[in-house]
Amino acid sequence: MSHSDSTAKQNTAQQRQQIIYTKWANRYDWETAALHLILGKKFGQRLFAQIDEGPMLEVGVAAGANLPYYPSHVAAHAVDVTPAMIERARHKATRLDLRVDFQVMDVTELAFPNNFFHRIVASFIFCAVEDQLAAFAEMRRVLHPDGQIRLIEHVLPSGRLISRLFARLDNFWLNHFGCHLTCHTIDHLHAANLQVLVDEPRWGGVFRYLEVRK
Ligand SMILES: C[S@@+](CC[C@H](N)C(=O)[O-])C[C@H]1O[C@@H](n2cnc3c(N)ncnc32)[C@H](O)[C@@H]1O
């Protein structure tokens, strides 16, 4: 595929997601609340545990499901590519009396300096990012050498039957929910020259809790 073909494909995917996530912005808290509930509060808390130094960044903040876990002793930044999601998150932060720098921004083009963040967190976003490798390379760039990335993601599980089912459902899922079921997230972390320190599977490996450094 030529460079212009792949850029066009990425732009179309991004437009489709923007439409889906803008439509979802008003009810998104409920839907992800269900997802976070299935996995338990513990994982949300672990994303933000042991932050000794700031600043920190959440990518794909959406409607702010993780805001209650934000530490108050470091500067917090949060980005999402969907403006309606950022609006929702901003209101929620006001209700929680939190100070957060919210910006509409694509994770593949982070407008932050090199080596800036001591913690970068994300939950359930990379299933929606077409170019995971570009996103991880960009997160690596802005991560402090002593910093950590913590993620909760759903990936393509390794079981033969379930992976076949996920592959079959992938197009439907993408068109209705704006995300892929067939993510090779861990391979892409390695390809971006990141070290996976912790990889805990949940639900037969469909969900993964990951701690990563450069
Ligand atoms: C499934 S939701 C994640 C929700 C949230 N992190 C949570 O756990 O409730 C995916 C979010 O990622 C955002 N997103 C998708 N592609 C993105 C990108 N390239 N850069 C930044 N945000 C992106 C979407 O706008 C959406 O709000």
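**View 1. Gly178 and the end of helix α6 in the predicted model.** Gly178 adopts a positive phi of about 75 degrees, at a position just after α6. The helix itself comprises 18 residues, 160–177. From its first C-alpha to its last it reaches 24 Å, which is close to the 26 Å expected at 1.5 Å a residue. Its path includes a kink of about 45 degrees, for which Leu169 is the centre.

**View 2. The open sheet of seven strands.** The strands follow the order β3-β2-β1-β4-β5-β7-β6, and their pairing is mixed. Strands β3 (100–104) and β6 (195–202) occupy the edges; each has a single partner strand, so one side of each is left without a neighbour in the sheet. On average, neighbouring strands are turned by 15 degrees against each other, direction ignored.

**View 3. Helix α4 against the sheet.** Helix α4, formed by residues 83–95, packs on the sheet and touches β2 (76–80) as well as β3. The direction of α4 makes about 170 degrees with that of β3.

**View 4. The pairing of β4 with β5.** Strand β4 spans residues 117–123 and strand β5 spans residues 143–154. In which sense do β4 and β5 pair, parallel or antiparallel? The two strands pair in the parallel sense, over six bridges. Within this pairing, Ser123 has Ile152 of β5 as its bridge partner.

**View 5. Helix α5 across β4 and β5.** Residues 132–142 form helix α5, which lies across both strands. With respect to β5, helix α5 runs at about 145 degrees.

Definitions and conventions: Residues numbered from 1 in each chain as written. Predicted model: local features only at pLDDT ≥ 70, side-chain atom pairs only at ≥ 80, totals over all residues. Helix = DSSP H or I, 4+ residues; strand = E, 2+ residues; numbered from the N terminus. Expected span 1.5 Å × (residues − 1). Bend = angle between axes of the 7 residues up to and from the residue. Pairing = 2+ DSSP bridges. Axes fitted to C-alpha atoms, helices over the stretch in contact; angles between N-to-C directions. Contact = placed C-beta atoms within 7 Å.
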